[in-house]
Amino acid sequence: MSVNVSLDSYDKEQVKLMEEMCILVDENDRRIGADTKKNCHLMENINKGLLHRAFSVFLFNSENKLLLQQRSDDKITFPGLWTNTCCSHPLNTPLELKEDDQIGVRRAAQRKLNHELGINHEQVPLDKFSFLTRIHYLAPSDGIWGEHEVDYILIIRANVDLEVNENEVKAVEYLSLEDLRKRFNNPGDWKFTPWFKLISEKFLFDWWEKLNDLDECKDVKKIHKLGF
């Protein structure tokens, strides 16, 4: 589903990442093929129904503070916006296609936490990610680009060492639950990604208060629709 949109004006590293192959799914998260990250994020294709698999990681430290990142200004979609710890996509590769226990998504999360934030795999073991639910959402970025994903929600509690990739991440901040509420109410110069705001308003604060017993928050069969 190719659309002729030039990437010449964008950062070269980010353009290269647009060649990655995302996993195409239907609204029930059944795999139906693969396409480039570029094609998956063009609103022209999204408006025709193109949908891909994604994940969102929420990493909390031992003080129950959530690690947020500000997306780099070099990002092609949603540059400069604050969001949860890590948001990306499992790729159409043998390791990340595996669906048992969401192992492919977990591997993708581990890979991107390292790529974006320099977090070693040993600090975020695959079995320590708690899979809570899936969210199907649509969010335009700037008219050309946007998101249309079935998003796997992963929560992990870990104290980690960061080595931020400045091409991916502009800034990081640990916030308490109350700090984040205040940011939403009085954002100042903070602007948030649409999916982070949707997830926070609908689910996050409840999950946050139940970090010691996330099992009661799990809804692994349902796909929640947000942003439509």
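In this predicted model, Leu214 occupies the loop that joins α7 to β10, the latter spanning residues 223-226. Although Leu214 sits in a loop, the residue is buried, with a relative accessible area of 9%. Setting aside neighbours within four places in sequence, its contacts are Ser130, Leu132, Ile155 and Trp207. Gln123 is 91 residues from Leu214 along the chain, and the C-alpha atoms of the two are separated by 20 Å.

One of the contacts of Leu214, Trp207, leads to the largest nonpolar core. That core has 32 residues, and the members touching the most others are Phe58, Leu68, Leu180, Phe196, Leu204, Trp207 and Trp208. The elements that contribute two or more residues are the strands β3 (52-60), β4 (66-71), β7 (130-140) and β8 (146-157), together with the helices α6 (177-185) and α7 (194-209). The greatest contribution is that of α7, which supplies 8 residues. As a general background, nonpolar side chains tend to be buried together in soluble globular proteins.

The surroundings of Phe196 illustrate how this core is assembled. Not counting residues up to four places away in sequence, Phe196 touches Phe58, Leu66, Leu68, Trp82, Thr83, Asn84, Leu180, Phe184 and Leu204. Among these partners, Phe58, Leu68, Leu180 and Leu204 are, like Phe196, listed with the core members that touch the most others. A second core, separate from the largest one, comprises 20 residues, including Val57, Ala108, Leu113 and Val124.

Helix α7 itself merits a closer look. Its buried residues are Trp195, Phe196, Ile199, Ser200, Phe203, Leu204, Phe205, Trp207 and Trp208. In general, an α-helix has 3.6 residues a turn, so residues three or four places apart point the same way. What span should the 16 residues of α7 have at 1.5 Å a residue? The expected value is 22 Å, and the end C-alpha atoms are 22 Å apart, so the two agree. The helix nevertheless contains a kink of about 60°, centred on Ser200.

Helix α5 offers a second case. It has 15 residues and extends 21 Å from its first C-alpha to its last, close to the 21 Å expected at 1.5 Å a residue. The helix is mostly covered, with 11 of its 15 residues buried. These buried positions are Ile103, Gly104, Val105, Arg106, Ala108, Ala109, Gln110, Lys112, Leu113, Glu116 and Leu117. Two of them, Ala108 and Leu113, also belong to the second core. After α5 comes Gly118, whose phi is positive, near 70°.

Within α5, which covers residues 103-117, Glu116 deserves separate attention. Is Glu116 buried or exposed? Its relative accessibility is 3%, and Glu116 therefore counts as buried. Beyond its neighbours within four places in sequence, Glu116 is in contact with Gln69, Thr85, Cys86, Cys87, Val164, Asn165, Glu168 and Val169.

Two of those contacts of Glu116 are cysteines, Cys86 and Cys87, which raises the matter of disulfides. A search of the whole structure finds 0 disulfides. Cys40 is in no disulfide, and the nearest cysteine sulfur, that of Cys22, is 4.5 Å away. Because its relative accessibility is 0%, Cys40 counts as buried. Cys87 is likewise in no disulfide; its nearest cysteine sulfur belongs to Cys86, at 6.5 Å. Cys87 is buried as well, with a relative accessible area of 15%.

The backbone has two further positions to note, both in loops between strands. Asp29 lies between β1 (21-25) and β2 (31-36), and its phi is positive, about 65°, although the residue is not a glycine. Asn64 lies in the loop between β3 and β4 and has a phi near 60°, again a positive value in a residue other than glycine. As to solvent accessibility, Asp29 has 7% and counts as buried, whereas Asn64 has 27% and counts as partly exposed.

Asn64 falls within a region described by a database record. For residues 50-198, UniProt lists "domain: Nudix hydrolase" in an unreviewed entry. Over this range the chain is 22% helix and 34% strand, and its end C-alpha atoms are 21 Å apart.

Note on methods:
Residues are numbered from 1 along each chain as its sequence is written. This is a predicted model: local features need pLDDT of at least 70, side-chain atom pairs count only at pLDDT 80 or more; totals for chains, interfaces and linings use all residues. Side-chain values use heavy atoms; hydrogens and water are left out. Helices (H or I, at least four residues) and strands (E, at least two) are DSSP runs, numbered from the N terminus. Buried means under 20% relative accessible area, exposed over 50%, partly exposed in between (1.4 Å probe, protein chains only). Contact means heavy atoms within 4.5 Å. A nonpolar core is a set of buried Ala, Val, Leu, Ile, Met, Phe, Trp, Tyr and Cys residues joined through side-chain atoms within 4.5 Å. UniProt positions are given in the numbering used here, feature names are shortened, and annotations may be inferred rather than shown by experiment. The expected span of a helix is 1.5 Å times one less than its number of residues. The bend at a residue is the angle between axes fitted to the seven residues ending there and the seven starting there. A disulfide is a pair of cysteine sulfur atoms within 2.5 Å.
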